[in-house]
Amino acid sequence: MRIVLGVGGGIAAYKSASLLRLFTEAGHNVSVIPTEASTRFVGVATWEALSGNPVSSSVFDEVEKVNHVRLGHEADLIVVAPATADLLARAAAGQADDLLTNTLLMARGPVLFAPAMHTEMWSHPATRANVATLRSRGVLVLDPAVGRLTGKDSGAGRLPEPDEIFAAAIAAVAAGAGVPASEAAASEAAALHGKTVTITAGGTRESLDPVRFLGNRSSGKQGVALAQAALEAGARVRFIAAHMDVPAPDGVELTRVESALELREAVHRAAPGSDVLIMAAAVADFRPDRNSDTKIKKRDDGTNPVITLVRNPDILAEAVEARNAAGASGAARPSLIVGFAAETGDGTSEVLDYGRQKLARKGCELLVLNRVGTSLVFGQDSTEVTLLSPQDSAAAPAPTYTGTKTEIARRILARVVRELDAAVAVP
Ligand code: CTP
């Protein structure tokens with residue numbers, strides 16, 4: 001996961017180097033944001049070398065990357081260690097006077113503070129009030145350890161040991177902690193307000209005759225989960241449903257389609273008026289070249305009928321092309337197009353390669369890659385996906401999520417919100 005490690009200006013800053021190590025050795029991608037004051041204790045070079053990522057304290061470095069927005073939104077977890085009395089005060093007040101406090105205000109995931117200060121500072125009513133404020137907002141503030149402090153004094157105020165902070169941080173993410181459920185729901189509820197999201201779902205059926213068709217195993221569950229997550233986030237949802245094993249959700253503008261060509265029509269109508277298009281439908285790549293008006297009969301001479309298939313258009317690629325052609329100015333809609341891919345392969349890297357090739361071929365902004373292995377994705381309630389984007393890099397690799405289709409849908413929608421926000425933030 002992506003972790004932001006904020007480092008406050010206290011002598012215990014050196015201990016955060018061990019904490020950083022624990023995170024990176026566990027395979028996490030850590031961006032360190034030291035406060036200006038903390039660099040008097042541990043220099044930027046240490047953080048850059050240990051994290052492998054560029055490090056800055058200021059919002060005025062790499063302005064074009066709008067780092068506080070990017071880091072805050074992308075972080076699955078923010079850990080501040082050591083959290084000084086000053087940092088707790090600034091965070092509680094919602095101040096945004098350096099890169100770390102700006103990033104804290106942009107956070108969507110759990111936030112954990114590991115305080116370190118003298119006992120008097122920790123027990124001062126001002127600090128107590130700031131800690132209470134942060135905790136009431138769902139921020140996790142650890143209690144400092146008791147023991148030897150900077151000088152000869154001892155008491156409550158020592159930074160908890162790095163392995164304790166590490167364990168608390170990982171537990172916080174596992175528990176989905178950090179933001180109280182009600183607050184998370186409230187913030188997500190507003191996230192897509194005023195936006196229109198078109199979602200295709202289910203599997204197309206390509207008619208052979210009045211009673212037969214060529215179909216696929218798509219259940220429509222992922223599309224339904226996406227629609228529900230978009231509704232939860234306050235979006236207006238246009239739902240284009242091919243064949244599904246589950247009912248369409250209440251509250252969507254529903255268009256029912258049967259074949260790939262009907263789905264194409266519906267997408268062409270809905271997409272230009274939408275902010276986001278999510279192509280979760282399993283679209284048949286081929287259809288019979290003719291649809292018999294009457295039932296195809298067994299032949300008396302015993303010969304087998306031959307069905308000739310012709311290619312269906314690639315609806316996703318067409319939607320991207322149409323949007324790009326309309327939007328020389330960059331204002332064309334949908335500004336975000338999300339594709340899906342179910343791939344098989346001999347290994348994870350092979351599946352990822354296929355996914356990346358598909359992302360490039362289709363030209364969409366995000367591709368939800370499902371690895372179809374021995375256990376089929378179709379119809380199952382739980383799944384694992386990797387979210388591919390053309391912006392993926394070694395420093396910011398594509399995230400992989402495992403969970404129910406509802407959980408995956410919320411992850412995808414959270415990413416959609418981030419991409420839309422980032423598009424607004426970067427002119
Ligand atoms: N899709 C589409 N039109 C098609 C086929 C697929 O819009 N005729 C969309 C699907 O909705 C999905 C994405 O394209 O979002 C990927 O579908 P997939 O079947 O995996 O891709 P294909 O381009 O058909 O590639 P492959 O050769 O691997 O089947």
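**Confidence, strand β1 and the nonpolar core**

Over residues 178-187 the pLDDT (the predictor's confidence in each residue, from 0 to 100) stays under 50, and the model has 15 contacts (heavy atoms within 4.5 Å) beyond four places in sequence for this stretch. Where pLDDT is low, the predicted coordinates should not be read in detail. The mean pLDDT of the protein is 88, with 92% of its residues at 70 or more. The model is predicted: local features need pLDDT of at least 70 and side-chain atom pairs count only at pLDDT 80 or more, while totals for chains, interfaces and linings use all residues. Residues are numbered from 1 along each chain as its sequence is written, and side-chain values use heavy atoms, without hydrogens and water.

Strand β1 (residues 2-7) is largely enclosed by the rest of the structure, because 6 of its 6 residues are buried (under 20% relative accessible area, 1.4 Å probe, protein chains only). Strands are DSSP E runs of at least two residues and helices H or I runs of at least four, numbered from the N terminus. β1 pairs (at least two DSSP bridges) in the parallel sense with β2 (residues 29-34) over 6 bridges, and runs parallel to β3 (residues 77-83), joined by 4 bridges. Ile3 stands opposite Val30 in β2 and opposite Leu77 in β3.

The largest nonpolar core (buried Ala, Val, Leu, Ile, Met, Phe, Trp, Tyr and Cys residues joined through side-chain atoms within 4.5 Å) has 36 residues, of which Leu192, Ile199, Leu226, Phe239, Ile278 and Ile412 touch the most other members. Helix α14 gives the most to this core, with 7 residues. Not counting residues up to four places away in sequence, Ile278 touches residues including Ile199, Leu226, Phe340 and Leu413.

Technical notes: Buried means under 20% relative accessible area, exposed over 50%, partly exposed in between (1.4 Å probe, protein chains only).
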